[in-house]
Amino acid sequence: MTPSVPDQQSVAAVLAAVADPETGRPLAEMGQVQSIAATANAIRVSVGLCSHSAILKQSTRGRIEELLRTRFPQVPVVDVEIVEHIRPPAKLGQIGLEAKSVIAVGSGKGGVGKSTIAACIALGLARAGSCVGLLDADVYGPSIPHLLGLTGRPEIENGKLQPMRYPTVLLEPATQTTVAHSMPVMSMGFLIPAGEAVVWRGPMLHGAITQMLRDTAWGQLDYLIIDMPPGTGDIALTLSQVLPLTGAVVVCTPQDVALLDATKAIAMFRKVNIPILGMVENMSFFMPPDSGKRYDIFGSGGAKRTAAELEIPFLGEVPIQIPIREHGDAGRTADNYIDPASRPYLETICERLVGNLAAAHAARPPMPSLPVL
Ligand SMILES: Nc1ncnc2c1ncn2[C@@H]1O[C@H](COP(=O)(O)OP(=O)(O)OP(=O)(O)O)[C@@H](O)[C@H]1O
Ligand SMILES: [Mg+2]
């Protein structure tokens with residue numbers, strides 16, 4: 001029976017259907033429904049979300065409001081407040097990395113924009129308010145320091161490598177003041193003098209990656225984003241041995257040869273039991289800023305089709321933009337989030353990626369905290 005006046009119980013019943021975007025479990029079950037106040041004139045609820053879900057804050061709020069409005073159309077005021085919920089990450093694997101999601105960004109082919117997309121995913125999540133670390137696992141050709149304009153050598157404190165830090169600013173500060181964050185970044189580029197070639201064999205490669213993961217003072221992370229080198233499965237194998245990876249994002253360009261290589265990369269990740277979180281199509285099309293006409297330089301829609309055929313989520317496309325290359329060369333990759341021609345594409349990818357993570361996390365759910373109500 002529909003009550004004419006909503007009460008705590010009937011509002012709680014609506015909230016029971018809402019899953020936490022991080023764990024996939026009902027928010028109430030995870031102790032994230034902070035308060036419910038319901039009268040004939042207003043429903044006010046306060047729901048906690050962890051910083052892992054920061055990029056989905058607005059959409060989660062909108063969804064809950066919509067559910068309440070649909071269920072109680074006669075109530076003039078529906079107000080959903082999202083507050084911070086703290087649930088620290090568990091230690092992962094033998095190396096004890098404290099992160100909730102570890103995401104590798106790879107592809108079979110070189111030069112498709114893996115490092116650019118990996119940096120943009122890390123920056124997009126950090127700007128939204130998540131704690132993000134970025135590991136450049138391309139030990140032969142590290143490009144993250146260049147893309148972010150970071151230089152210097154990490155210091156060692158208490159036996160741990162201090163990562164370099166990239167300053168980020170919160171997209172929507174919770175308070176009136178702007179909150180500055182900094183993103184820990186580690187790369188072989190900081191450890192080996194610029195221009196010097198690394199000549200290593202497989203076991204040394206394994207050691208270098210394990211060391212950067214284990215011996216860096218990452219702190220507690222929501223996400224560790226790993227920029228993978230092109231091709232070989234060596235690093236994927238190492239990662240799968242030392243960490244339970246949440247999964248991999250595969251970047252490709254739309255032409256057939258790149259898609260063929262992406263398909264091989266997906267098979268490679270699957271072979272070492274790394275789940276595929278989705279596919280990104282980079283350099284999808286070119287739209288000259290002075291004409292607005294779309295040119296499908298490498299063909300169109302190939303990645304979306306391939307993703308559908310392989311039954312993996314399609315996370316989005318990124319057009320070829322001259323500023324993306326310019327920002328990369330100038331060490332200002334973060335400026336892609338200022339450019340309105342790039343920003344929506346990058347944000348969509350981050351939102352879809354995080355939106356798909358609950359399913360990946362459901363396989364190893366965290367312990368629920370006690371409900372507040
Ligand atoms: N959407 C884009 N529009 C324009 N330029 C791009 C785009 N994506 C990447 N680039 C540029 O393409 C070049 C290669 O990108 P990036 O280094 O990210 O590729 P990669 O796949 O990591 O390469 P590698 O295989 O060498 O690791 C860079 O100069 C980068 O700025
Ligand atoms: Mg790269």
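Two residues are in contact if their C-beta atoms, placed from the backbone, lie within 7 Å. Keep that cut-off in mind for the first stop. The model you have open is predicted.

**Stop 1: the three-stranded sheet**

Select helix α1, residues 8-15, together with β1 and β2. Helix α1 lies across these two strands. Its direction is at about 135° to β1.

Now show the strands alone. β1 and β2, the latter spanning residues 42-49, are antiparallel and share five bridges. Click on Ala 38 to follow one pairing: its bridge partner in β2 is Ile 43.

Add helix α2, residues 57-71. Helix α2 packs on the sheet and touches β2 and β3. Its direction makes about 150° with that of β3.

Next, take in the sheet as a whole. In what order do its strands run? The order is β1-β2-β3, in an open sheet with mixed pairing. The edges are β1 (33-38) and β3 (77-84), each of which pairs on one side only. From one strand to the next, the twist averages 10°.

**Stop 2: around ligand 1**

Select ligand 1 and its shell of 20 residues. Which of them come nearest? Label Gly 110, Gly 113, Ser 115, Thr 116 and Gly 328.

Colour the shell by element. At least two residues come from each of α3 (114-128), β13 (276-286), β14 (314-320) and α10 (322-329). Then colour it by class. You should find seven nonpolar, 10 polar and three charged residues.

**Stop 3: α3 against α11**

Stay with α3, one of the elements that supply the ligand 1 shell. Add helix α11, residues 343-355. The two helices pack at an angle of about 75°, and their axes are 9 Å apart. α3 and α11 are therefore roughly perpendicular to each other.

Show side chains where they meet. From α3, pick Cys 120, Ile 121, Gly 124 and Leu 125. From α11, pick Leu 346, Glu 347, Ile 349, Cys 350 and Leu 353. By class, this contact has seven nonpolar residues, one polar and one charged.

**Stop 4: α6 against α7**

Select helix α6 (202-214) and helix α7 (234-242). Their axes come within 10 Å and cross at roughly 50°. That angle makes α6 oblique to α7. In which hand does α6 pass α7? The crossing is right-handed.

Label the contact next. On α6, the residues are Gly 202, Leu 205, His 206, Ile 209, Thr 210 and Leu 213. On α7, they are Asp 234, Ile 235, Thr 238, Leu 239 and Val 242. Six residues of this contact are nonpolar, four are polar and one is charged.

**Stop 5: α8 against α9**

Finish with helix α8, residues 256-271, and helix α9, residues 302-309. Their axes come within 10 Å. What is the crossing angle? It is roughly 30°, so α8 is roughly parallel to α9. This crossing is right-handed.

Pick out the contact. α8 contributes Leu 259, Ala 262 and Thr 263. α9 contributes Gly 302, Ala 303 and Thr 306. How do these residues divide by class? Three are nonpolar and three are polar, with no charged residue in the contact of α8 with α9.

Key: Residues numbered from 1 in each chain as written. Chains lettered and ligands numbered in written order. Predicted model: local features only at pLDDT ≥ 70, side-chain atom pairs only at ≥ 80, totals over all residues. Axes fitted to C-alpha atoms, helices over the stretch in contact; angles between N-to-C directions. Helix = DSSP H or I, 4+ residues; strand = E, 2+ residues; numbered from the N terminus. Parallel < 35°, antiparallel > 145°, perpendicular 65-115°, else oblique. Left-handed = near helix turned anticlockwise from the far one by under 90°. Nonpolar A, V, L, I, M, F, W, Y, C, P; charged D, E, K, R; others polar. Near = placed C-beta within 6 Å. Pairing = 2+ DSSP bridges.
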